[in-house]
Every structure is written in C-alpha cells, then in structure tokens.
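Student: I should like to go through this structure by asking what justifies each term that is applied to it. Please set each value against its criterion.

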Amino acid sequence: MTDELTPRQVADALGVTPRTVQRWIATGRLPATRVGGRRRVSRSSLSAFAGEGVAAPVSAPAARRIRTLLIANRGEVVGRVARTARRLGIRTVGVQAPDDLPPRGVDATLPVASYLDGKALIAAGLQAGADAVHPGYGFLAEDPSFAKAVQDAGLTWVGPPVGAMGAMADKASARRRAASLGIPVVPGYDGNQQDDASLAAEAQRVGYPLLIKPTGGGGGKGIHRVASAAELAETLEAARREAQRAFADDRIMLERYLEGARHIEIQVLFDRQGHGIHLGERDCSPQRRNQKIVEESPAPSVSDGLRAGMAAAALQLARSVAYEGAGTVEFLALEDEFFFLEMNTRLQVEHPVTEAVTGRDLVADQLSVAEGSPLPLEQEAVRLAGHAIEVRVYAEDPDAGFLPATGRVVRLRWPEGHGIRVDTGVAEGDVVTDRYDPMLAKVIASGQNRGEALSRLRGAIAATLILGVRTNLRFLRWLLRQEVVSAGEVRTDTVGQLTPPTTNLDELTLRAAADQLLAQGPFGEGVWGGGWRTNAPAAVRIRVGDQDRTIELVPPPDGSEPPAIAVEGGVAYVDVDGQSEEVRLAMPASVEEAVRHAASAEGRASLVAPMPGRVIAVRAVEGETVSQHAALVVLEAMKMEHAVATPIAGRVSRMLVREGQQVQRGDLLAEVSA
C-alpha cells in the first residue's frame, strides 16, 4: 500500500470534494509534496490533519426538489422565509398555536398545539404534503432531536446535519471543541461539576466579574453577570431556573466577563459536498442585557488581520463537524485578540445585513443546499459592497427598565424608501401578548458607505409610528444619534453605560390628547359623544400614568404641528418622540386606589405588577417578616424574569398571588406593613 495519496483519495477518506482538498493544499493547511509534477499527501499528514477535527459528512436523506415547505415557526421569520420560497415557486405552509395570530405570507396554515411540539409540527407537514421543514430561528430550530425526527418522517431538514447540531447545541462541549482546535476561548469553566460549592470554587479561579451562561441555550437568553462572590448563590438559582424553563436543561458554565469587548460574528455557508465559504462578519456589539439591539456589516473599526483570523477560525470549526447550510460563529474581540463564544446552527435574526452587502439570499442558499446543490461560488468570488445596519424594534418600556409591554396595535406605519427594508409579522390591529418574544420588527438600512446607511436608518426610525403598545422606538432614535454610534466604537457594555433622557409630555401635546378624548366622551362612545366637545369646560383633568394634571383648553398656536394620536376605549395613545404615551380623562379615585393611598401614608407598601406576566416564584407568606428591598414575588414574561421587591421592611400583611398565576400590569400582588 503506497504512503502517498492523491487529492481524490484524500477527499474520499474525509468525505469532502477533491476541490476542497486542493484548496487546503494550496493554502498550506494540508501538507503535501510534489511527486512527478503532481501533489501527493502522505498518510501520516492525513492522519494528523484528520486529528485536527475535520469530520466526515454524516449521511443524509437523498436530495430532492422542494415543492412544498412547512415553516415551523411564527412571526416575522415566517414571512421572510415564505417570501423567498414564493420567488422560487415553492408552496409554503405555516402553523398557528391556539394563543397566537395566524402567520402572514404563507399559502396555507394548519393548527398546532405549540411551536415546541415537534410531533405536531411534523404531523402538520405530512398533512400538508410538505417535502421539507424550515425551522426559522428560536423554538426548535437548534434541537437535534427535532431535526432527526423530521428526517425520520421522510422530510428534508432545511438546516445542518443532526451530528453538527448536536456538537454545537451544548455550549460547553462546543467551547471545548473550539479549544481543542486551537481557537481561543474566554477563560472560564465548562465542566460537569454543577454543585454550588464546585461552581463557587471555579468562579473564584475564573475571577470576577463573570458571566453565568446556560450550556443548553443561546441567543443571549439566560445570561447573568455576577460582580462579586456575594451575588453568586442567588444568581445561580435564578440562572438555573431560567435555563430549565427556556432550554429544559439547568446546567450552566462560567466565563470571565470581558469589559470593553466587541461582539463579532462570522456568517458561514457550506454545501453537502464539503465546500464552505464565509460571507463576512457582523458587528452585534450594541446590546442591552445580552440582547442584541443594533447589528451591522461590515464591522467598523476591525482590522483586516482580526477579520481574517475570525473567518478562518469559523470555517475551521464548521468543517470539524461537517457542517451544511447557513450558520454563524460568534466571537468576542478585544483589541487584536478574539475569543470563541458559540456557534448558532441556524439562520440568524440579523441575516438581512449580510444579504444587503453580499447580494445573496441566505434563505435561497439554505433551500439550495437542502436540495443537494453545490455552492455556486468560491471564497474568492465573495465581495462585500456598501454597508448595512439593522435595529430591532421591541415591545418594551424603556422608561420602566425595559420591561415587556403588551397591548393592541391601534395605529402602525412602517418606513419605506430606497435602501430600506422592514421584516415584520405585525400589522395594525394585532394584539401583542406576553406569550412570545417581544420583537415586533427589524428595520434595515443599506447604503454605499456606513454614513449613508446610518443616515437612512435614522430617517427610517423617525418615520416609524406605533401607537397602542409601548416600544423602544424613542430609545432607538436617541441611541442612533449618539457620537459613539456615529464613530462605530460601541462595545458590548457601552449601551448599559449610557443614560437616555426622559421625555415629558408638554402642554400642547396633552391639550391635543384632551381635545380628542373630550370629542369622544370620557368612555369613548358614551352619553356625551361628540356633543360634549362643543360645551367643553375651560380646563380638564387628565391622567398620564399615575399622575393627574389640569390642562387648560385653549386653541393651539398658529402653525403648530399636532402629534399623531389614536383614541380607543377612552385612552388617547399619543406619539411622543416615538413612544406611545397613554392619556386618559381623570376619573374620581376608586375605592381600591383610595385605600392604597391611605395605606402608603400610614407606612404600608402595596406591591403591584410592573408588567403583565406569570408568577414563577412567591418568596414570602402572610405574616412573615421581611427586610427592605427583599424580593417577594418573581414574574416572568417573554422569557424575562423580574423580581418585585418591598420598598420597606415589615410584615407581609397580604399575599394575593400564587405560583403559576397570570397577572396584568397594575395588579396588586402583596402588601407589607411596617
């Protein structure tokens, strides 16, 4: 048996194409010698190379043309996938959970019990005559068992192989794999010892501040920052609880918190023949509580050397698991160093910015790979042109600590124009609940350069109008005007260090709201109707939040521009710099409000729900003595926890909720007497 192998023999041994082997030889990654004018690889070199972690592709179902596609998800990603499928002549089928709105943009919709019910999703696909399943992102998109079940049912999985998904799904295992390949990782702990004592010892070794991260999840969910050892025990409890609820796995890992780092991710794309390329990077550094807010491509202020190093590491990691389809490898970058974070084995939320600068349709690429087609281009053909920036519009209240917000979308206007793209699943009249992710839309702007893209994005966000639900629009408008954003110097901890200004409703805005409320009567269609407007008093009391104000009803100044206002159910929703503010006619205080006010004056505290959600923990019982700032009730909404604490020390005189109970914003939870 000869010790020298041809590129084709090497390709057969590794399960890749000869072209891939030739590329490895040309770049020097795979050592080869010249024998009689041809390149040959020794068996010893092949063994060493394979030992670096180049995996052979896993057998997959035979490729076939996709004619009907089930999109196993909800919200904006359904419309996004369906848009490409329609262009390719593929029929699309969506699904709808009982507590959700029907998906938009699909050809047919079938009911399912839950978006996490894999059996129901597959049954819907078979019922619809689907050839393939696209998982979108979130829910079961990165669940290897769901991917395997899809394939076992005879359907094509539009995603990577089950083995690749399994290798990357466990974040601790993925971190160890990266380290074994020589890819730098953040100092931390990814072992199996999960008891408090072991984790405390490892935390001391890693050093504070540090991050607690769930090993079974991703997307920034369930991550907690711990500043000192004193915070560790309580934070571990919350982290395990969140991880179990979100990912059905309460294991966690520790990583040192890197201050001033950038969050950079590389988009990779592989076909079933082992050919892989990268499509540049995205900067996702503007974050709040580890949730991305703004993403852009290419990354500003990143050196060519750093960019090339991350791209090479991303391709190496993906090849090590025989990856197929679209995926993203995420890194932290600090000065000229980078550290592996995780790999997301799915389409990313922020993929539109990559599409804008590469001219590619990543969903079309996913479908093409799933059908067995080879990639149509080499790495050398990938060119990034221009710049693109995306912002995420969330249903949340920045003035209340970014707590989730709910309500009906009474009025809606998305921006339009050259270089502007909006991906959304929300329409006027829809009700936003606390059951699902709070993202309402992504607004993307592209231009010939970063300055043009940023200018267009500012204009697009300024043109967006959402009334009826509180959002982060006003915050986004402010953030995009900050010098650190203009300069492209945002780090992962920048947004948390900025303090957005508060905006008060001026007299002109309140008067316009009062005029419209009076025109409809204090209860909308009431006994006063529109006739009350004619004989309106010279002044009227209105309520904004929990504050009452008296507004004089005088004509507005000449040339003044009234704000956008929508009135529904006795509430005027007023657009104030992008925020939907609620204005009501002030009614006499209810008995309950009067009792609460009297109780507050007498040294008693009433704890009310700051957001709609589900009670997941009750930490005190009636009669129990509690200290000031003790968390008595923990609420959860949209996979986010919020502890409701008592402002005074005393005795719990009333506990009005239990675990599992659903509450609305403003509901009384408990009372404490000093």
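Student: Are Phe402 and Phe475 buried or exposed?

Tutor: In this predicted model, Phe402 is buried, and Phe475 is buried as well. The term requires a relative accessible area under 20%.

Student: How many aromatic pairs does a search of the whole structure find?

Tutor: The search finds nine aromatic pairs.

Student: Why is the pair of Phe146 and Trp157 called edge-to-face?

Tutor: The ring centres of Phe146 and Trp157 are 5.7 Å apart, and the planes stand at 90 degrees. Centres within 6.5 Å make a pair, and planes over 60 degrees apart make it edge-to-face. Both conditions are met, so the pair of Phe146 and Trp157 is edge-to-face.

Student: What makes this pair a tie between parts of the chain?

Tutor: Phe146 belongs to helix H6 (residues 144-152) and Trp157 to strand E8 (residues 156-157), so the pair ties together parts eleven residues apart in sequence.

Student: How do you know whether Phe146 and Trp157 are buried or exposed?

Tutor: Phe146 has 5% relative accessibility, and Trp157 has 3%. Buried means under 20%, so Phe146 counts as buried, and so does Trp157.

Student: Which geometry describes the rings of Phe402 and Phe475, and why?

Tutor: Their centres are 5.1 Å apart and their planes stand at 85 degrees, so the pair is edge-to-face. The pair links distant parts of the chain, 73 residues apart. Phe402 is in the loop between strand E21 (396-397) and strand E22 (403-404), whereas Phe475 is in helix H15 (residues 473-480).

Student: What makes Tyr115, Phe139 and Tyr436 a cluster?

Tutor: Ring pairs link Tyr115, Phe139 and Tyr436. One of these residues, Tyr436, also has Arg74 over its face, at 4.3 Å from the ring centre.

Student: How do you know that the charged end of Arg225 belongs with the ring of Tyr257?

Tutor: The charged end of Arg225 is 4.6 Å from the centre of the Tyr257 ring and sits over that ring. The distance part of the criterion is within 6 Å, so the value of 4.6 Å satisfies it.

Student: At what angle do helix H9 (residues 196-206) and helix H10 (residues 232-247) pack?

Tutor: H9 and H10 pack at about 115 degrees, with their axes 11 Å apart. The crossing is right-handed. Asp196, Leu199, Ala200 and Ala203 in H9 meet Leu232, Leu236 and Arg240 in H10.

Student: Why is Leu236 called buried?

Tutor: Leu236 lies in helix H10 and has 1% relative accessibility. This is under 20%, so Leu236 counts as buried. Leaving aside neighbours within four places in sequence, Leu236 is in contact with Asp196, Leu199, Ile212 and Ile252.

Student: What makes E9 and E11 edge strands of their sheet?

Tutor: The sheet is open, with four strands in the order E9-E12-E10-E11 and antiparallel pairing. Strand E9 (188-189) and strand E11 (224-226) each pair on one side only.

Student: How do you know that E9 and strand E12 (residues 252-256) pair?

Tutor: Two bridges join E9 and E12 in the antiparallel sense. At least two bridges are required, so E9 and E12 pair. Among the bridge partners are Gly188 and Glu255, the latter in E12. Helix H8 (residues 171-180) lies across E9, strand E10 (210-214) and E12, at about 45 degrees to E12.

Student: What is notable about the backbone at Pro209, Pro298, Ser301 and Glu335?

Tutor: Most residues other than glycine have a negative phi, and most peptide bonds are trans. The bond from Tyr208 to Pro209 is cis, with omega near -5 degrees; Pro209 lies in the loop between H9 and E10. The bond joining Ser297 and Pro298 is also cis, with omega about -5 degrees. Ser301 has a positive phi of about 60 degrees, and Glu335 one of about 55 degrees, although neither is a glycine.

Student: Why is Ser301 described as partly exposed, and how is Glu335 classed?

Tutor: The relative accessible area of Ser301 is 47%, which is between 20% and 50%, so Ser301 is partly exposed. Glu335 has 72% relative accessibility, which is over 50%, so Glu335 counts as exposed. Ser301 is in the loop between E17 and H11, and Glu335 is in the loop between strand E18 (325-334) and strand E19 (337-344).

Note on methods
Residues numbered from 1 in each chain as written. Predicted model: local features only at pLDDT ≥ 70, side-chain atom pairs only at ≥ 80, totals over all residues. Heavy atoms only, no water. Phe/Tyr/Trp six-rings, centres within 6.5 Å; stacked < 30°, edge-to-face > 60°. Buried < 20%, exposed > 50% of the residue type's maximum accessible area, 1.4 Å probe, protein only. Lys NZ or Arg CZ within 6 Å of the ring centre and 35° of its normal. Axes fitted to C-alpha atoms, helices over the stretch in contact; angles between N-to-C directions. Left-handed = near helix turned anticlockwise from the far one by under 90°. Contact = heavy atoms within 4.5 Å.
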